[in-house]
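Me: I am new to this structure. Please walk me through it in short questions and answers.

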Amino acid sequence: MPQIFTASADTRLRTALLVFVLVLCGSVLFVGGYMDSSYATLVGWVRDQPVPFSHEHHVGGLGIDCRYCHTTVEVSARAGFPATHICMTCHSELWTGAPMLAPIRESLASDRPIVWQRVSKLPDYVYFNHSIHIARGVPCVACHGRVDEMPLMARAQPFQMRFCLDCHRNPAPRLRPPDQVTRMDWSDWDNHPEEHKLYGELMVKAYGIQPSKLDNCNICHR
Ligand code: HEC
Ligand code: HEC
Ligand code: HEC
Ligand code: HEC
Ligand code: HEC
């Protein structure tokens, strides 16, 4: 009987198999870790903007309401970005010659909107709508975090499917009176968990929200 495998070939084969198994385990762990890492979810990352606009100054410091700039958030799918003339209501008086604001002046002169780099964007195959969330009292902070503390805008949540589903399956604890959706700080309510819970449960009934149906695929993939 001729020997097909020499003893050393057998060792090499075993070694190769072992390496293959190790690489496979490694990749599975790597991919699993990667999907939840800030590299993949982009949480906390800022982008270069044409103008270094600060929500910390304008919202946290000056107390301007979100809807002053994101004018369509209550009535349409998109919150939208402010038209240049909205910035100019103040900056035609304030910081008028600042180099930092040159792109704003150019935009006004040329009548071309500023192109902002997006930090929160869903893939095209996901349907999202701001107005329904705002109407039900889901606060901006639940999805966008404390923007009043952001000198530059960063993504606060991983907009993965799990994030949407966690709330859709149990929205009650997140609901507020709709006129309070743009408030960033909510400590006075959070200190009264019982009332908050009761309010949420009542509102789920009053609005006819059905959590058992809110995780149907066709709600978000249409
Ligand atoms: C209601 C008035 C108001 C509006 C509207 C407004 N700003 Fe400002 N902005 C200010 C004031 C006041 C300061 C000075 C803040 C400070 O120094 O604390 C400022 C400062 C700035 C600065 C300097 C950096 C900083 O944050 O201190 C930039 C850049 C800026 N604004 C951009 C914009 C852009 C872009 C818009 C439109 C999307 C806009 N602002 C809309 C009042 C306004
Ligand atoms: C004075 C105008 C102004 C006000 C007030 C304002 N924003 Fe903005 N917002 C902007 C501008 C300009 C941008 C684009 C530049 C940037 O990303 O910082 C922006 C970007 C954003 C983005 C990033 C969206 C994306 O996909 O890139 C979010 C989220 C956001 N704003 C939420 C809010 C919330 C929540 C509030 C209220 C608590 C608010 N903004 C108040 C002007 C404003
Ligand atoms: C339930 C989660 C949720 C809530 C609540 C929410 N947003 Fe958003 N927002 C998103 C998602 C998701 C996107 C990205 C949408 C896309 O890419 O299609 C987004 C995008 C934005 C943008 C970028 C422009 C746009 O319309 O796509 C702005 C500005 C913004 N949101 C502001 C706000 C403000 C202001 C509020 C509160 C009044 C708010 N959002 C409440 C999830 C939310
Ligand atoms: C913090 C809670 C919360 C989060 C987070 C959230 N939602 Fe919602 N969503 C709601 C509530 C409450 C409703 C209103 C349900 C109703 O009135 O029947 C809703 C409704 C919707 C609707 C409309 C359903 C319809 O019947 O027309 C869509 C679409 C939707 N959400 C998509 C998303 C997507 C995509 C995400 C993630 C990016 C998301 N939501 C994150 C609470 C949330
Ligand atoms: C509340 C909204 C929502 C519902 C309901 C929902 N999805 Fe998603 N889905 C998303 C979002 C947001 C993403 C984008 C994830 C990302 O970019 O990482 C996504 C991504 C996906 C993807 C792409 C792969 C992935 O996981 O990133 C598949 C496949 C998918 N969904 C299938 C489904 C199926 C099947 C159902 C029903 C059982 C469903 N989805 C229900 C919001 C939803």
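**Ligand surroundings and iron sites**

Me: How many nonpolar, polar and charged residues are in the shell around ligand 3?
Reply: This is a predicted model. Of the 22 residues around ligand 3, Arg78, His130, Cys140, Cys143 and His144 come nearest. By class, the shell holds 12 nonpolar, 7 polar and 3 charged residues.

Me: Which side chain has an N or O atom 2.5 Å from an oxygen atom of ligand 3?
Reply: Gly80 uses a backbone N or O atom, 3.1 Å from an oxygen atom of ligand 3. The polar side-chain atom of His144 lies 2.8 Å from a nitrogen atom of the ligand. The side chain at 2.5 Å from an oxygen atom belongs to Arg78.

Me: What is the arrangement of the 6 donor atoms around the iron atom of ligand 3?
Reply: The protein donors are NE2 of His130 and NE2 of His144, 2.0 to 2.1 Å from the iron. His130 lies in helix α7 and His144 in helix α8, so the pair ties together parts 14 residues apart in sequence. The 6 donor atoms subtend angles of 87 to 180°, which makes the arrangement octahedral.

Me: Is His144 buried or partly exposed?
Reply: His130 has a relative accessible area of 17%, so it is buried. Buried means under 20%. His144 has 27%, so it is partly exposed.

Me: Which residues are the protein donors of the iron atom of ligand 1?
Reply: The site has 6 donor atoms and is octahedral, with angles of 86 to 179°. The protein pair links helix α3 with helix α5, 33 residues apart. Both of its residues are buried. Their NE2 atoms lie 1.9 to 2.0 Å from the iron, and the residues are His58 and His91.

Technical notes: Residues are numbered from 1 along each chain as its sequence is written. Chains are lettered from A and ligands numbered from 1 in the order in which they are written. This is a predicted model: local features need pLDDT of at least 70, side-chain atom pairs count only at pLDDT 80 or more; totals for chains, interfaces and linings use all residues. Side-chain values use heavy atoms; hydrogens and water are left out. Donors are N, O and S atoms within 2.8 Å of the metal (3.2 Å for Na, K and Ca); water is not among the atoms, so sites may look incomplete. Four donors count as tetrahedral if all angles lie between 85 and 135 degrees; four count as square planar and six as octahedral if opposite donors are over 155 degrees apart and all others between 65 and 115; anything else is irregular. Helices (H or I, at least four residues) and strands (E, at least two) are DSSP runs, numbered from the N terminus. Buried means under 20% relative accessible area, exposed over 50%, partly exposed in between (1.4 Å probe, protein chains only). A residue is near a molecule or strand if one of its heavy atoms lies within 4 Å of it. A polar contact is a pair of N or O atoms within 3.5 Å; within protein, one must be able to donate a hydrogen and the other to accept it, and residues adjacent in sequence count only if both atoms are side-chain atoms. Ala, Val, Leu, Ile, Met, Phe, Trp, Tyr, Cys and Pro count as nonpolar, Asp, Glu, Lys and Arg as charged, and the others, Gly among them, as polar.
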